[in-house]
Amino acid sequence: MKLAATVPVTLAAILFGGGCRTRPTAPLPAPSPAVAAPLPGLSGHLAPSPRLIVGRILAVDSAQGFVFVDLGADAPAAALVNGTELIVRTLDLRETGRLVASSHLRGRTLGTRLAAGRPQIGDEVVWLAP
């Protein structure tokens, strides 16, 4: 009886223990100079986008020309200044409208005036940083 209990345990230890070993591999070769060199015209670094996310459209009142924006956690303060132009775009980055920020800021909601286009609820609002 004792032999019948130790055989499966021994086999399991051999099967699972064998999976822990790895064979040594050769180190990866260094990248060739053509791959390591930056593209012409670039300094080797990607520049951040000048368009900063302000938030998303919460509500649209086309008749009155008001659009309310649900502000993101990291919305830039300069984008919330009265008179600042904001761009509205879909998730595939197609522009759907332009807004002008107003002084109506309540908590995480910014009131804006519709300058052009037809923004939809859920569209992303961005600010073109100077």
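## Strand β5 and its surroundings in the predicted model

Thr-112 lies in strand β5, which spans residues 109-117. The description that follows rests on a predicted model, and it begins with this residue before turning to the strands around it and then to the protein as a whole. With a relative accessibility of 2%, Thr-112 counts as buried, because the cut-off for that class is a relative accessible area under 20%. A polar atom of the Thr-112 side chain lies 2.7 Å from the backbone oxygen of Val-67. When neighbours within four places in sequence are left aside, the residues in contact with Thr-112 are Gly-65, Phe-66, Val-67, Val-69, Leu-86, Leu-99, Val-100, Ala-101 and Ser-102.

The pairing of β5 with other strands gives these contacts a setting. Strand β2, made up of residues 66-71, pairs with β5 in the antiparallel sense, and five bridges are found between the two. Within this pairing, Val-69 has Leu-110 of β5 as its bridge partner, and Val-69 is also among the residues that Thr-112 contacts. Strand β4 likewise runs antiparallel to β5, to which it is joined by seven bridges. Arg-106 stands opposite Thr-109 of β5, and the two strands β4 and β5 form a hairpin in which two residues lie between them. One residue of that turn, Gly-107, has a positive phi of about 65°.

A positive phi is also found at Leu-93, where the angle is about 70° although the residue is not a glycine. Leu-93 is placed in the loop that lies between β3, residues 85-89, and β4, residues 95-106. The relative accessible area of Leu-93 is 56%, and the residue is therefore classed as exposed, the cut-off for that class being over 50%.

At the level of the whole protein, two helices and six strands are present, and their order along the sequence follows the pattern α-α-β-β-β-β-β-β. Of the 130 residues in the protein, 24% are buried, and Thr-112 is one of the residues that count as buried. The protein exposes about 9,600 Å², of which 64% is supplied by carbon and sulfur atoms. Where contacts between residues at least 6 apart in sequence are considered, 52% of them join residues that are at least 24 apart.

How values were computed: Residues are numbered from 1 along each chain as its sequence is written. This is a predicted model: local features need pLDDT of at least 70, side-chain atom pairs count only at pLDDT 80 or more; totals for chains, interfaces and linings use all residues. Side-chain values use heavy atoms; hydrogens and water are left out. Helices (H or I, at least four residues) and strands (E, at least two) are DSSP runs, numbered from the N terminus. Buried means under 20% relative accessible area, exposed over 50%, partly exposed in between (1.4 Å probe, protein chains only). Contact means heavy atoms within 4.5 Å. Accessible areas come from the Shrake-Rupley method with a 1.4 Å probe; for residues, only the protein chains shown count as cover. A polar contact is a pair of N or O atoms within 3.5 Å; within protein, one must be able to donate a hydrogen and the other to accept it, and residues adjacent in sequence count only if both atoms are side-chain atoms. Two strands pair if DSSP finds at least two bridges between them.
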